[in-house]
Each structure stands twice: as structure tokens, then as C-alpha cells.
Amino acid sequence: MSRLRSDTHGTIMETSRRPSLWNGSLRRDHIRLEDLPLDGAQEGQQYTHYTSSKSGPSTRSRSFAWPFHGRNTSEALSTTRSSHFTFRTWQPQTFFRPHDDTASIDRSIVPDYVVNFIRGETPETLARRKERKKWGQHGVEVTPRRETFASHPIEFGHYYSSSSDLTQDLNADSSWSRRSGLRRHITGWRGGVIFNSLISFIILLVGIICLILVITKTKLLSGESAIFSGDCGTAEHINIGIHVVINVFGVALLSGANYVFQVLSSPTRREVVVAHENKHWLDIGVPSLRNFAHISGFRTTIAAIILLSAVATQVIYNAVIFTTQNIINYDVLFITQSFLDHAPFNNNPKTNNGGLSDSDLTNLQNTASQAGAFTNMTSTICLQEFSGVFQPSFDVVLLITDTVSTTSSLIQASKPGTSLATFTSNNNDITAPDGSHVQYCLARPSAPQTCSVNLSGSILGIAVLLNLATVISMAVILARSTFEPLATLGDAIRSFLRNPDPTTADACLLTKSDVRHGNWPFSEAQFFVPKNHYWFQTPSVPRWALTTFSWIAIAVPTAAALGFLTRWNLPVDKALTPFGVTTPLLTFLPPSPFGTAPMALLAALPQLLLAVLYFVVNAHLTTYFLSHEFSRFALSPRPLRVSSNPAGEQTTSLFLTLPRPVSWTLLIWFAAAGFTLSQAVFPGVVAFTPSTSAGLPPSHPDIVATSFSTQALLALLALLVALAVGILGLGARRAPAASLASGEGKGNPLVLRGGSCSAAVSAKCHHHHHHHDERAHAQTQEGQGQQEAADRDLWLRSVVWGVVEEGQGMRPGRCGFSAGSVGCVDAGRNYV
């Protein structure tokens, strides 16, 4: 059997003289057909001339040509130059398929023999392919014959343009395009987008149903609707349950938006090519705002809409539900000790600001004389109980002074709900309007109060609209079937192995630090310095600063609020207030009156900080696992995990970089944190009913304020501390060590110190057997031939990274991916 021969040196020399996409000299009117990618498994192969085989069918010496070919004087076939070979077909540009997004040739318009010619086929090769299917291929000698056919400029109207990507991986693999369209759209990143779009759509349906019920009940879109009225304990449980569901929905929307955002912000190979030619690098495998400057404006717009709508939805959904306490406002009376003994009183309008009638005052005298009807309090405790904006437990407070009066036992009746803090002196004693001092007080417990759980129709309508914008934006990206992002590390490796990046050639040890300082490509070989790498070294300093700032922005205010409220506003025995319950001492009125809907939105604004923290932490952890995934290729052969169009041994998954267990843990944590935050800061709404004067309207307007819960603040702070410990704990992990030539296991050349970098990944994905010098090219050892055969269609197989060519003398060694065996990196040798 004859061996496979290659003319690599001649191919490189000839290729260097052609117009190139990399150097920008390729134009619309200057396209060589032989540069077009071949179909399926024929990609990257040269034109071949087959000799006879002993075991297979013999080939004829006669050659055939396509209808547009002409004979020359030699036996070799060549095309005659056609000056006006064009197919111009009008193709409307649509919103989903911009003109320069892709280039394709409709087979219903272009004849089959033209398509086969573009693929590099000849009538002979087509016939032999059919014969090989029947007889098999045996003893074939392959001889490069690129000079057999001449390529001429051809223009296909709107079907081909200079913006079309001529490299093989910039368009979807043609073999995959013949597969089931359904399978293509339910696997990889498209399957993930469909899954998240479905979840968002379900949440949208729930919101629409609730909105319809509100409109049906209230006949208005604006205003509030009570979904429950009754016992306050039951109302608290309903409020908690609804907010749990809301925050699960909110985190699901955030997660889906983050997923689609990462897909949209991932660059295509064409965008990487342009960036690298301009000495810029892009993020690959992580959500990136930095890539916005280098990707299409359409994707940037959609990504921004999805991100902002998801964050706004998280805030607004938490403002939809709030509770209202219905209480009886308390009356404040300054009296003498004789009032309790039924002493006469003077009901003077000047001293009766509370509007109490004579019968009301008489009933109070009779009730106060009964044992157990009132609760006796010291002046200090009384001041604590009645200094808040409202008092839910008592409806009357009698303040007994040291005054002795023979004319009237009633000193003054203040307006209902008046805070006793207005009557305090410098030493915190309660002073009556006549200047006397309060000795003690009696408070009458009020009847059990009622509460209602309310829903704001206007806020729910806004949330539904934002949710709809998220769903539509996710669906739009699915309509762009030609979009092929480098969303995962496997996508990037596959792309760079199929078509190596010339801007990072001979720089297998390139790091992100070298790229950021402009030190690429290298002018000389580099040495590998083995040293242990810990995960915390993977994110860049700016990313660490962003993560730290996002955490501090919510942790410090939480700790400060908890410390202030427990130290200054609450007694020790009441330091921890329950989740989501409005309490008098932890309710603060705004400087100017607020409506319930604006106050609910104001109280939900801290959810914005939590949403930002989710995106930042997700990107931080994604950077951890991106480097970890890349470093494992230096240990043993692994298949490439791609986000779309898997072929060969490649695998695909719905997740992009962050593994499912970590992602789900993060979702559970943020759902718990979002719920806790909704119960820590919330709108405090109190509706007053008349006190002792039956039938009269409330004398005090309803309270709309901001309330806090110290229990929820403490739980939120604990969750934030746990998050910080988790991030730092993962950062303390050490990257897996690769074996060195000395046998020592230390360091890993594939760790991404400083985070994701397209140039650093590209530099490690070169076919080095295509760059041998003349002496290496002249070698014909059987082992080298087997290695090159193993590395054919490398991106389709399980690969490992290491030394693929040992250096000799002054010649440096070469490192790269291989499907066969590789050597260990030597700390004392330089590599390119």
C-alpha cells in the first residue's frame, strides 16, 4: 500500500501569494474558488489524483470536465476564464437576516455542477466516490494537483459578498445542515435559549392571568385590589408564600437573561478575526460587556434589552404585593388621679383636641375602675410603646400626672395617634401640657386587628410588559439561524483548530498579560515557568474589584441598618422583629406623602443591587470554571464540549460554562436572598379606623411608610457572608497540575491567569505539523506519518494538549493539541 504524501511547503508558498481574508486583501471581485470550504468530511483536503488500486476498481486514464471547462494543450484540465459569469438574484433584507450576516447559494438557482465545482469536485472524483462506496478505498496514492484547475473571479450577486466568511468554520458545517432541523434547535445553546424562553413565557402567562383577574375584579388597571382580608397571621403567611414564588420567578428570569446575554455577547469567529487583526482580544465563554465594542450592534441592542428588562422585572415584581394593617388609632388623655375615682371633668373644646364626647369620657372612667381592663405601665415603657408612628396593640392611653385639680380631672385630650415623644423633656420624662409630670400610664388593649394582602394592578401591568419584552427578545435570537457564536471554550478550540489564527502563531505560551501589554505575537520562543495556580488568580484584578464592590454595596448597608435599628430603636427584648411585619418603631415616614405604589417601588429598589450582584458573581464563578475546563486538556484526552453542531466525538450541553450543580446552587442562594430582602425592607401601610367615637371617620390619614425587619436583615447578612465564603473557598482551590518532563507535577500551562482571553486560547490551537521547516519536512519516519494521520480532523476527536514536537539543539519545541500522544512540557526548554 502506498503512503500518503503531502506537499505542505509548496502549499504554504502558494497560499502566501493569494489574496487573504486575514490581511484584508480579499475583495468581493477577487475570490478563488479553491479557497472555498469543501463539504462535510472533505473540508481542508486538496484536489487529488487517484492511481489504480489492486483491490479496488481500476481508474480510467481519460479525464472529464464540467460544462464550463475548456481543454488546454496538456492533459490537465483547466477552466476557461469567464468574464461575466454572474447570478444576480434579488434577496430582500429582513429584520432577522441582515444582508451581511451570511452568504449562501440557493441550489434551486445554481446548477449542481457549479456547486460541486465550488466544493472542488470533478466528474472523476464524483465517480470515484460512488465507486468507493461500492468497492472501498485501497492502496490510494494522493498527489497534490492544485494547479490542475484555475480559479477565476465569480460573483453571485447578493448571495456572496466580501463580508462572507471564507474560512471553514465561519459557516455551519454542511454535514450538520443536512441533519434534522429540530435536533439542531433543541441542542446546545439554542436548546438552552428555548428552555429559558419557555420558563419566561410561563411566568408571563401567570402574570397575564393575575392581571386579568385584577381588572375583572376592580374594573380598573390602576389602584390596589385586596386578594385577602382577615386574620393578620393568615395574611402574613400568604404574603410570605407569594413573595417566595415571586423571587423564584425573578431569579429564573435573571438566570435566563444571563444565559441569553452570554450567548449574544459571545463573538463569532469573524469578529475575533477582526479584533485580533487590530490587536484586540475578546472574552470567550463568559458573559461580557467588554465584547459590546466588537460585536454587531443588533446583538448588542437585544442583549441590553434582555438584561435591563430582567433586572427591572426583579425589582417591579417585588413591589406588586404588600400588606395593609387595619388598626384603631389610640386616644391620648392627660388626667389626674381623681379621674379614676369618677371625679368630675370639664369637656372644654380647648382642652379636648381628640373630639371625645361626654359619654366617651364617662365610659373611660367606668372601664378604668375595673380591674384588668387597662395595662399599667411605667412612664418609660409607656414612652417606648407610644412613640412610634402607630400603635397596633392599644386603643387608649391614660397618662396620670401629679397635678391636683378640684375643677376638672381631665387635663387635656390630644389628637388620636399623637406620639408621646412630642411631650418628652430633656431627661426623657413625659411632661403634660400644663407642665405637670406623668407618674405612670394606663393602656387599654385593642380588639384583634385585621390585615389585608393587596395587589397593585398598575405595577403588575408594568411587570407583564417587561416580561413580554424579555420573551420577545429571546425569541428574536432564535430566529437568527445563521448565528454561530463562540459561546463555549469548546467552540473556540474547534474554530481555532480548524483554522488556526495567524496572529497568534508560534506563541503557544502566550498569556493574557502578554496580550494586554501588546507583546504579541512573540518574536522569540518562550520558556514555561512551572508554578502552582490557584483559582483566585484566574479572575482579573478589575473583575475582583467589581465583585467586591457589588458585594459591599449591599452587605454594608444591611449591616449598618441592622446595627442602627437594634441599638437605637428597639429594646433588648424586642430586638428581632418578624419577617415582613410592620412594627411601629421600625417604620419610617418619608419627608413628603407617598402613594402606596411609589412607596412599594421605593422599598423594592434594593433588589436592583441584588440583581447586579447575581450577574457579577455568575460571571466571576464562570471565569473560575472556564480556566478549570481549559486546564484539564493538559491532563488527558477530552472531547470538545461545543454549544452547537456537534460532530465526531464532540459533545454538547445546555449549560455554557458554569456547571449545573454550581448554577443551581447559585440560583437557590439568590432566590433565598431575594425573598429575605423583600421581607427586610418593605412598604408599611397602616389604615386607621375610628377609636371611641363610633360612626366618625378616622381622624388620622393612612400611613404609607418604609418598614424594616431585623430578623430578615440578619438572615440577609448571613446569606451574604456565606456567599463571600463560597467565592473565596472556591478561589482557594488549586488548578490540576500537569506532569513535567522531569516527572514533577507542578503548574499547568493551560490555566487562564487573568481570565478569559481569545488570543491566549487561539495561541494554543495551532497545527504545528503544518509549519515544519525544510529539515522537519524532509523527515519521513513512520511515527511522524502516524502522528499526522492521528491529527487529521483534530477538532472532531478527543484531544490533549502538550509537546507535539520536541526541540533539537537551538530549534525550540512546539506545543499544541493532538489526538495522539503528546510529550510533557520541560521547564528548561523554550517553546513556540
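**Exercise 1. Find where the salt bridge between E271 and R299 sits in the chain, and decide whether its two partners are buried or exposed.**

*Solution.* In this predicted model, the side chains of E271 and R299 meet in a salt bridge, with a distance of 2.9 Å from N to O. The pair links distant parts of the chain, since E271 belongs to helix α8 (residues 269-277) and R299 to helix α9 (residues 297-317), and the two are 28 residues apart. As a last step, look at the accessibility of the partners: both E271 and R299 are buried. A search of the whole structure finds 8 salt bridges, and the next exercise turns to others.

**Exercise 2. Work out which residues are joined with R814 into one network of salt bridges.**

*Solution.* Begin with R814, whose side chain meets that of D506 in a salt bridge of 2.9 Å, N to O. R814 lies in strand β20 (residues 814-818), while D506 lies in the loop between α13 (489-498) and α14 (512-516), so the pair ties together parts that are 308 residues apart in sequence. With a relative accessibility of 13%, R814 counts as buried, whereas D506, at 35%, is partly exposed.

Next, take R811, which forms a salt bridge with E805, where the closest N and O atoms are 2.2 Å apart. R811 is buried, with a relative accessible area of 16%, and E805 is buried too, with 13%. Finally, salt bridges that share partners join D506, E805, R811 and R814 into one network.

**Exercise 3. Check the length of helix α19 against its number of residues, and find where its buried residues lie around the axis.**

*Solution.* Helix α19 covers residues 710-731, which makes 22 residues, and at 1.5 Å a residue it should span 32 Å. Its end C-alpha atoms are 32 Å apart, so the two values agree. The buried residues of α19 are T710, A712, L713, L716, L720, L723, I727 and G731. They cover an arc of only 160 degrees around the axis, which puts them on the same side of α19. The general reason is that an α-helix has 3.6 residues a turn, so residues three or four places apart point the same way. At the start of α19, a side-chain oxygen of S709 comes to within 3.4 Å of the backbone nitrogen of A712.

**Exercise 4. Describe the surface patch that includes I208.**

*Solution.* The patch is nonpolar and is formed by L198, F201, I202, L205, V206, I208 and I212, which together have about 570 Å² of accessible area. I208 itself lies in helix α6 (residues 188-218), and at 32% relative accessibility I208 counts as partly exposed.

Conventions:
Residues are numbered from 1 along each chain as its sequence is written. This is a predicted model: local features need pLDDT of at least 70, side-chain atom pairs count only at pLDDT 80 or more; totals for chains, interfaces and linings use all residues. Side-chain values use heavy atoms; hydrogens and water are left out. Helices (H or I, at least four residues) and strands (E, at least two) are DSSP runs, numbered from the N terminus. The expected span of a helix is 1.5 Å times one less than its number of residues. Buried means under 20% relative accessible area, exposed over 50%, partly exposed in between (1.4 Å probe, protein chains only). The arc is that of the directions from the helix axis to the C-beta atoms. A polar contact is a pair of N or O atoms within 3.5 Å; within protein, one must be able to donate a hydrogen and the other to accept it, and residues adjacent in sequence count only if both atoms are side-chain atoms. Patches are made of residues with over 30% relative accessible area and no salt bridge: like charges are joined within 9 Å, nonpolar side chains (Val, Leu, Ile, Met, Phe, Trp, Tyr) within 5 Å. Accessible areas come from the Shrake-Rupley method with a 1.4 Å probe; for residues, only the protein chains shown count as cover. A salt bridge is a side-chain nitrogen of Lys or Arg within 4 Å of a carboxyl oxygen of Asp or Glu.
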